[in-house]
Amino acid sequence: MTARPIAKGRDMTDHKASPEAVNDAPDQGVETPGMNETGGETVDETTPEARIEALEAEVAELKDRWVRSEAENQNIRTRAKRDVEDARQYAIQKFARDVVEAAENLQRGLASIPPKTEGEDTLITKLREGIEGTERSFLNILERHGITCEDPTGKPFDANLHQAMAEQPSDQHQPGHVMQSWTPAWLLKGRLLKPAMVVVAKGTPEASAASTSPGLNTTA
């Protein structure tokens with residue numbers, strides 16, 4: 001049998017890609033830094049001016065927050081100071097209200113003594129003088145601690161200081177004025193401690209009728 005000759009022409013050895021072929025191969029999904037999808041370089045849209053404007057806006061916001069916080073802290077300090085001052089000045093308010101009740105009882109006791117007359121008993125005279133001296137001393141002590149009293153007789157009625165117990169017609173007092181006070185108004189460092197109990201004057205029926213009657217027409 002005749003041997004068959006081997007065909008020539010095709011190299012059966014393994015083909016290895018050259019470095020130039022690798023470099024020339026198209027990029028398969030690998031993005032190159034600094035390149036966009038179209039192959040051009042990416043551009044940073046944040047300009048220095050825009051960055052400065054953003055920082056200035058942030059600084060303005062922080063400053064506004066700081067100003068608001070400082071204002072709130074100042075309000076808190078002011079309220080706390082006022083509360084402490086009120087507590088210091090008016091801590092004795094309840095006690096002072098009880099004390100003025102004792103002062104009013106002392107005044108009632110003095111008013112119950114008959115007026116001074118000639119030839120009255122010496123005992124009554126000394127009793128009156130003793131109570132009057134005690135009252136003056138007591139009121140001076142209260143005044144040193146900021147407790148004062150006001151007699152509203154003859155003054156216009158003030159609902160903030162007076163408590164109307166009755167209303168009576170009077171031709172000696174103007175309507176709406178206090179014609180009689182049963183107790184004075186007591187104040188603790190300018191703040192009302194106890195209102196005065198008063199009788200308020202109102203117009204007499206004659207005055208009311210005169211004020212409501214139509215006037216005469218004197219024109220020709």
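**Entry 1: overall make-up.** I counted the secondary-structure elements of this predicted model and found 5 helices and 6 strands. Reading from the N terminus, I noted the order α-α-α-α-β-β-β-β-β-β-α.

**Entry 2: surface and contacts.** I then looked up totals for the protein. Its accessible surface comes to about 17,900 Å², and carbon and sulfur atoms hold 55% of that area. Of the 220 residues, 16% are buried. Among contacts with a separation of 6 or more, I recorded that 64% join residues 24 or more positions apart.

**Entry 3: helix α3.** I turned next to α3, which spans residues 93-111. This helix has 19 residues. From its first C-alpha to its last it reaches 27 Å, close to the 27 Å expected at 1.5 Å a residue.

Which residues of α3 are buried? I listed A96, V99, V100, A103, E104 and L110. They lie on the same side of α3, because they cover an arc of only 150° around the axis. The general geometry is in keeping with such a pattern: an α-helix has 3.6 residues a turn, so residues three or four places apart point the same way. On the other side of α3, I found K94 and F95 exposed.

**Entry 4: what α3 packs against.** I followed the buried residues of α3 to their partners. They pack against the helix α4 (122-144) and against the strands β1 (147-150), β4 (185-188) and β5 (191-194).

**Entry 5: residue E104.** I examined E104, one of the buried residues of α3, more closely. Is E104 buried or exposed? Its relative accessible area is 2%; buried means under 20%, and therefore I entered E104 as buried. Leaving aside residues up to four places away in sequence, I noted that E104 touches T183, P184, W186 and K194. By residue number, W186 falls within β4 (185-188) and K194 within β5 (191-194).

**Entry 6: the sheet.** I looked up how the strands β1, β4 and β5 are arranged. These 3 strands form an open sheet in the order β1-β4-β5, with antiparallel pairing. The edge strands are β1 and β5, each of which pairs on one side only. Neighbouring strands of this sheet are turned by 40° against each other on average, direction ignored.

**Entry 7: the pairing of β1 and β4.** How many bridges join β1 to β4? I recorded 4 bridges between these strands, which run antiparallel. In one pair that I looked up, I147 has L188 in β4 as its bridge partner.

Definitions and conventions
Residues numbered from 1 in each chain as written. Predicted model: local features only at pLDDT ≥ 70, side-chain atom pairs only at ≥ 80, totals over all residues. Heavy atoms only, no water. Helix = DSSP H or I, 4+ residues; strand = E, 2+ residues; numbered from the N terminus. Buried < 20%, exposed > 50% of the residue type's maximum accessible area, 1.4 Å probe, protein only. Contact = heavy atoms within 4.5 Å. Areas by Shrake-Rupley, 256 points an atom, 1.4 Å probe, with all protein chains shown as cover. Expected span 1.5 Å × (residues − 1). Arc of directions from axis to C-beta. Pairing = 2+ DSSP bridges. Axes fitted to C-alpha atoms, helices over the stretch in contact; angles between N-to-C directions.
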